[in-house]
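Please work through the exercises below with the model open beside the text, and try each task before reading its solution.

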Amino acid sequence: MIFNKDTAKQTAKVLLEANAIKLSPKTPFTWASGWKSPIYCDNRIILSFPNIRNYVKTTMAAHIEKTYGKPDAIAGVATGAIGIGMLVADVLNLPFVYVRPDAKGHGRKNQIEGAIEKGKTVVVVEDLISTGKSSLKAVDALRTAGVNIKGMVAIFTYGFEVAKLNFEKENVNLNTLSNYENLLEQALQTNYITNEELGTLTEWNTNPSEWNAI
């Protein structure tokens, strides 16, 4: 769920301004999964814009404290959320760790990079939620290490039903700064998209794995 409507609208606005999110209903993107999509999101781009990254880090930090209480540490999901997670930890003056998709095959063979003790509480920071599988893999690694998960926060979610079910199954509370619904509202309001394109974008979100632009 989103933290609140005002935050969702403002976050959607800055993501569009930074071109972190691109909408292209007529010339779809191809995701790594092979899905055809009229939207592409790369929130790492916001790190290049001081005003926008400052807005995201301070807003996310404030909502973390209000929603979850101050944890013992912030954990970012590699690689997309390392930057913003570290910035949020800095605002909250908390330790920061990040979680790799898998343990390294050499050296210390860490999956969790940084120092955190068993029994400590963390809020996990993610940049983007699609199906939620990679995000929840990080949660599993932290839980295996004996860390207590207070919840997860993300900049943006596509709002797929499969993600909702995955988070419910793993008993992880997810909150996001913005989501697909508020993004489309903002894009239409600012004439980034037309009403016809809104229909296409809405249709895609209901069945993204089977959607075809033609």
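**Exercise 1.** Is asparagine 171 buried or exposed?

*Solution.* In this predicted model, we begin by locating the residue: asparagine 171 lies in the loop between helix H5 (161–169) and E10. The next step is its relative accessible area, which is 65%. Because exposed means over 50% relative accessible area, asparagine 171 is exposed. As a last step, we relate it to glycine 151, 20 residues apart from it along the chain, and find that the C-alpha atoms of the two are separated by 9.2 Å.

**Exercise 2.** Determine the strand order of the open sheet of six strands, and state which strands stand at its edges.

*Solution.* Reading across the sheet, we obtain the order E7-E6-E5-E8-E9-E10, with mixed pairing. Strand E7 (112–113) and strand E10 (174–179) each have a single partner strand, so one side of each is left without a neighbour in the sheet, and these two stand at the edges. Within the sheet, E8 and E9 run parallel and are joined by eight bridges, and methionine 152 in E9 stands opposite valine 124.

**Exercise 3.** Which residues of helix H3 (residues 82–92) are buried, and what covers them?

*Solution.* The buried residues are Gly83, Ile84, Gly85, Val88, Ala89 and Leu92. Their cover includes helix H2 (50–68), together with strands E5 (73–77), E6 (96–99), E8 (121–129) and E9 (148–157). Following the chain onward, we find that H3 is succeeded by asparagine 93, whose phi is positive, near 55 degrees.

How values were computed
Residues numbered from 1 in each chain as written. Predicted model: local features only at pLDDT ≥ 70, side-chain atom pairs only at ≥ 80, totals over all residues. Heavy atoms only, no water. Buried < 20%, exposed > 50% of the residue type's maximum accessible area, 1.4 Å probe, protein only. Helix = DSSP H or I, 4+ residues; strand = E, 2+ residues; numbered from the N terminus. Contact = heavy atoms within 4.5 Å. Pairing = 2+ DSSP bridges.
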